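I opened this entry to keep track of what I looked up, starting from one residue and moving outwards to the core and the pockets.

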Amino acid sequence: MAAIRAIVVAYWDAFSDWDADRALLMLEPEYRASEDALIRHDIGRLEQFGVRLEVSEETPPTLNAEGDYETYVTMVTPVDTLRLLMVFRRIDGQWWIVFSDVVVE
């Protein structure tokens, strides 16, 4: 799933480049509307402190029970290492991020 992997890289690169507009463009429109303020806040904090993120694939994109693809990524920040779940859906021929959040274990 090269297309999904490319979105993962582009999405987190946008965070590290402190570019909220670019990051938001990769989110499915309804999800984008619900996450806009939070993403802008998070990216603003990264910029404020000069933080760049390191993100790597933990699991390959895999079809889930709902018919979407999901992947787990590892994010290294200056203070922590986090595990995130990202979910993708193909709509009208285009891949969108429909969910992304830290996994609490």
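**Entry 1: Ser100**

I began with Ser100 and found its place in strand S5; the model I am reading is a predicted one. Is Ser100 buried or exposed? Its relative accessible area is 14%, and because buried means under 20%, I wrote Ser100 down as buried.

I then looked up what surrounds Ser100, leaving aside its neighbours within four places in sequence, and noted contacts with Tyr11, Trp12, Tyr31, Leu84, Leu85 and Met86. For one of these partners, Tyr31, I also took the C-alpha separation from Ser100, which is 9.8 Å, although the two residues lie 69 residues apart along the chain.

**Entry 2: the nonpolar core**

Next I turned to the largest nonpolar core, which has 25 residues, and listed Tyr11, Trp12, Phe15, Met86, Phe88 and Ile97 as those with the most contacts inside it. The elements giving two or more residues to this core are the helices H1 (2-16), H2 (20-24) and H3 (29-49), together with the strands S3 (69-76), S4 (81-91) and S5 (94-102). The largest share, 7 residues, comes from H1.

I followed Phe88 further and, again leaving aside neighbours within four places in sequence, recorded contacts with Ile4, Ile7, Val8, Asp68, Tyr69, Thr71, Trp95, Trp96, Ile97 and Val98.

**Entry 3: the largest pocket**

How large a volume does the largest pocket have? I noted about 550 Å³, and of the 25 residues that line this pocket I marked Trp12, Phe15, Asp42, Leu46 and Met75 as the closest to its centre. H1, H3, S4 and S5 each supply at least two residues of the lining, and the largest share, 9 residues, comes from H3. Sorted by class, the lining has 18 nonpolar, 3 polar and 4 charged residues.

**Entry 4: the second largest pocket**

I closed with the second largest pocket, for which I have a volume of about 170 Å³. I listed its lining as Arg5, Val8, Val9, Trp12, Asp13, Ser16, Leu53, Val55, Ser56, Glu57, Thr71 and Val73. Two or more of these residues come from each of H1, strand S1 (54-57) and S3, and H1 gives the most, with 6 residues. By class I counted 6 nonpolar, 3 polar and 3 charged residues in this lining.

Looking back over the entries, I see that Trp12 is in contact with Ser100, is among the residues with the most contacts inside the largest nonpolar core, and also appears in the lining of the second largest pocket.

Key
Residues numbered from 1 in each chain as written. Predicted model: local features only at pLDDT ≥ 70, side-chain atom pairs only at ≥ 80, totals over all residues. Heavy atoms only, no water. Core = buried A, V, L, I, M, F, W, Y, C linked by side-chain atoms within 4.5 Å. Buried < 20%, exposed > 50% of the residue type's maximum accessible area, 1.4 Å probe, protein only. Helix = DSSP H or I, 4+ residues; strand = E, 2+ residues; numbered from the N terminus. Contact = heavy atoms within 4.5 Å. 1 Å grid on protein atoms, 1.4 Å probe; cavity = no way out; pocket = protein on both sides within 12 Å on 5 of 7 lines; lining within 4 Å. Points joined across faces, edges and corners; volume = space filled by probe spheres on them. Nonpolar A, V, L, I, M, F, W, Y, C, P; charged D, E, K, R; others polar.
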